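Trainee: Hey, got a minute to walk me through this one? I'd like to start with how some of the strands line up.

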Amino acid sequence: MPLLRKLLSSWLRMGTYTRLFVPIFALIAVVVCVRYSLLIEAEAADANLRYQLDAQELGDYLNTTLKSGLALPDRAALETALAGALLLNQDASAVRLDYPGGHLEAVRSVKPEPTGPAWFQALHALQPLSRELALSTNATLEMTFEPTLPLNRVWHTVRQQAQISALNVGLIYLLLGLLIYSNKRMLARLARATDRFQAGEHGVRLPLRGTLEARALAATFNNMAQEVQALVGSLQRSQRQLGEQLAQTRSAQAQLLAEKERIEVTLASIGDAVVTTDLAGRILTFNAVAQTLTGLDEAQARGMELHQAFVLANNFGQHSLLKAMAAIYAGGAVVKAGGQSLRHLSGQVRMVEYTAAAIRDSAGRVQGSVLVFRDVSEKRHLIQQMSWQSNHDVLTGLPNRAALSSRFEQELEQARERQQLLAVCLFDLDHFQGINQGLGQAVGDEVLKQVASRLHDFAGQRHYVARLGGDEFVLLLPQMDGRGAVEQAMARLLAALALDYQCDGETVKMSASVGVALYRDGETSADQLLRHADQALYQAKITGRNRYHFFDADLDEQVRTHHNRRTEVRAALRGGEMRLYYQPKLNMRRGRIVGMEALLRWQHPERGVVGPMDFLPFVEHTDLIVDIGEWVLREALRQLQSWRGFDPDWVVSVNIAARHFQRNDFVERLTAILAEFPDVPPYMLELEILESSALSDVGHVRAIMLACQALGISFALDDFGTGYSSMSYLKRLPADVLKVDQSFVRNMLVDRDDRHLVSAVIGLARAFELGVIAEGVETVAHGALLMRLGCDLAQGFGIARPMPSAEVLPWVSAFDTAPVWQAAALLPPIAHQQSDDGAGRAQDGAALAG
Ligand SMILES: Nc1nc2c(ncn2[C@@H]2O[C@H](COP(=O)(O)OP(=O)(O)OP(=O)(O)O)[C@@H](O)[C@H]2O)c(=O)[nH]1
């Protein structure tokens, strides 16, 4: 029993298919055993019956057959009969005849082999037979039978049946197996789909195929999956919504927290004092500034009534505060008050302004109040300071332009009413820029202060002095007795201003120029008077400085013209009407163009091309010349950028005005301009400065030249020979090239002095190892003489006129060194001391040119 239970329990643990197969197999085995034991039994019985009958029949046959042989007795016949008996019955193994004449025996020599297996033989379903027959004539016949053949037949039948059965069973198992396999596959698909579904793939579906059951199962699964998917979808949606709501709530919470924190931090760090109270006026919060301004800390202040902590020094202020707070608690509007004196715990009083407002809940009900106040003592002070500054010049302490303007109106009004003389004197220091540049800004400031002080001392109570800005001052002299008195005053003042200035232990020399405009009567404005004084000042400046000049109505027109011209030139520069023309520079001996001189032209919309002499004089003493110079530099560099590919050895020279060149920031700005054209090497640029401009401050000019040369730029001294420079000056100026002025070159063929001068300049250049170029070469004869004097470089109308940039390259390409130049180059040089003779020979050159 325990074994049976054990078997049952292990069977129950098996899979469905194994569980199904085991009983079927057992059942089939039992059926097969029963069926084949019955079959073997039936077949053996049948075979036994036939076996017995065959033995019986053989006995009967031999009884009959042997009778005649025994009667004779014929031994041979008997033997034949016995042998035939073995042939007739295959089961008979031996036949023995005993008769009175002897005995005979026939034995089967080859016994049949059993075909069945050993176990079958062991069944002994048929036994060997032995029969004895008593024949008539005292003879006995003994027959022996072996059941081998009938048993083989039984085994044959059983085996055949077994094969058929095995085939049947095999087929049944196969079909069953197929059925089970397809079910198993379906279940596996279901299991996979279920797993995927479980893993979150809610869109998974089973294909509707296979057996009816499989399709039904797939449909059921699919329906279920669909419903679950819909369910999960809606669950996820609600979860998402919930999540979003949660996130919103959290973010709102975070915002609220941040807001709260911000408010707290703001309250703590705000520059204003903030106090909040409840409806009874008791303090709830008291920020850091409130604590500083009142001297109370928060713990002390909390719970106090507002007016006990926020104590206003005067009774009226305190009373107004109480009234305002009562109105606010009753729902009143915001109250602002300025100029209140707040008493600190220490007794100190500060100026404050405050704003009080109600704090309301969401329904609009008043919950308390907030009082914001700030210390305005500093602000007041600042306002006072600003008001002073708005009317005064900070450096000198004198009234400024704004203050002057209102005072000027008053003085003018008074002069008009009383018919008195009012003198408007505009002072400008002479070459003040030089003080800044040479001695520094601080010394410049000090000089300005001392000038202001001297003017102020002179002005006293009666007159009025103001600083307009820079180094310009205005002095108003009201109630003057006449032009003579003004002249005397000016002379005295200029003398006072020309006295030495002591700055930081240094003695500074400085003078001033004054422009004076007089108001006698009539309708004129302060602005106009100042303009007139300005024009007079201009005259004082151009007539030598350190002097006064009275406004002259005749000159007014001329100045006005200058002013208009300046305006026009400025507009032309801005409007893009300026052009650069280029004049080629030729190495006459080599017949090669070595560069260009960039020359400024104004492409006037009405007047056509205007030369620089017609407009530069109006602007050369103004900063406009700097703008023009920088435009020229940029334009020349832009042009060089495109010519670089044509000839990288060209040098383009640009004229720089003295005012531009001597500016403090010249090198800095030039560096910046060069940086805008990184493809142009600085050695392609040459700056031409007038010899005369270089003479004004050799030290300064030299420093600028050296700084530019460090950048790679070269220098030419223009119009050389006209500036009367001394050798020592020339020695100090690091020029690269001297440019012989065209006025000498032009006349050198006919004027001996000029020829001497040209020769001297060339000799000077040689002595100082400088390059030399001659301008004004109008004929080949000029060139020939220059080459003979030792100057191979030249420019002038004889080579080419200045031309627009677009014409330069075609001109250079077409330029052909005429044979006359080459012939001239072959002429022998003239020794400098022999230049007189050379002139004669120069005539040969002229002849050649002709
Ligand atoms: N130290 C100092 N310099 C100033 C101040 N305001 C302007 N400047 C300089 O004053 C100079 C005024 O120069 P200008 O009047 O144009 O020229 P200048 O050298 O006096 O030459 P002229 O007037 O033609 O004689 C400029 O260089 C200004 O930079 C200042 O407050 N302090």
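Mentor: Sure, and keep in mind that this is a predicted model. Let's begin with T277: its bridge partner in β9 is S369.

Trainee: OK, which strand pairs with β9 over 6 bridges, and in what sense?

Mentor: That's β5, residues 273-278, and the pairing with β9 (residues 366-375) is antiparallel.

Trainee: And how many bridges join β8 to β9?

Mentor: There are 9 bridges between β8 (residues 349-360) and β9, and these strands run antiparallel. One of the pairs is V352 with D375 in β9.

Trainee: What happens between β8 and β9 in the hairpin?

Mentor: The hairpin has 5 residues between the strands, and G364 takes a positive phi near 90° there.

Trainee: Switching topic: what order do the strands take in the open sheet with 4 strands?

Mentor: The order is β2-β1-β4-β3, with antiparallel pairing. The edges are β2 (102-107) and β3 (129-134), each pairing on one side only. From one strand to the next, the twist averages 10°.

Trainee: Over how many bridges do β1 and β4 pair?

Mentor: Strand β1 (residues 92-99) and strand β4 (residues 140-145) pair over 6 bridges in the antiparallel sense. If you want a spot to look at, V95 stands opposite M143 in β4.

Trainee: Which helix packs on that sheet?

Mentor: Helix α2, residues 16-71, does, touching β1, β3 and β4. The direction of α2 makes about 150° with that of β4.

Trainee: Now the nonpolar stuff. How many residues are in the largest nonpolar core?

Mentor: It has 89 residues, and the members that touch the most others are M596, I628, V654, F661, L687, V758 and L786. Helix α19 (residues 624-643) gives the most to this core, with 10 residues.

Trainee: Why would side chains like that end up together?

Mentor: As a general tendency in soluble globular proteins, nonpolar side chains are buried together.

Trainee: Fair enough. What does L786 touch?

Mentor: Leaving out residues up to four places away in sequence, L786 touches M588, V745, M748, V758, I762, A774, V777, C791 and A794. There's also a second, separate core of 34 residues, which includes V465, F473, L494 and F550.

Trainee: And K739, buried or exposed?

Mentor: K739 counts as buried because its relative accessible area is 1%, under the 20% cut-off. This lysine lies in strand β23, residues 737-740.

Trainee: What does the side chain of K739 make a polar contact with?

Mentor: With the side chain of E597, at 2.7 Å. Not counting residues up to four places away in sequence, the residues K739 touches include E597, E688, D718, D719 and E775.

Trainee: Let's try another polar one. Where does N152 lie?

Mentor: N152 lies in helix α5, residues 148-198. At 11% relative accessibility, N152 counts as buried too. Leaving aside neighbours within four places in sequence, N152 is in contact with E113, P114, T115 and G116.

Trainee: Last thing: which residues come nearest to the ligand?

Mentor: Of the 17 residues around the ligand, the nearest are H431, Q433, N436, D445 and R545. A polar backbone atom of H431 is 2.9 Å from a ligand oxygen, and a polar backbone atom of Q433 is 2.8 Å from a ligand oxygen.

Trainee: What about the side chain of R467?

Mentor: An N or O atom in the side chain of R467 is 3.0 Å from an oxygen atom of the ligand.

Conventions: Residues numbered from 1 in each chain as written. Predicted model: local features only at pLDDT ≥ 70, side-chain atom pairs only at ≥ 80, totals over all residues. Heavy atoms only, no water. Core = buried A, V, L, I, M, F, W, Y, C linked by side-chain atoms within 4.5 Å. Buried < 20%, exposed > 50% of the residue type's maximum accessible area, 1.4 Å probe, protein only. Helix = DSSP H or I, 4+ residues; strand = E, 2+ residues; numbered from the N terminus. Contact = heavy atoms within 4.5 Å. Pairing = 2+ DSSP bridges. Axes fitted to C-alpha atoms, helices over the stretch in contact; angles between N-to-C directions. Near = heavy atom within 4 Å. Polar contact = N/O pair within 3.5 Å; in protein donor to acceptor, adjacent residues only side chain to side chain.
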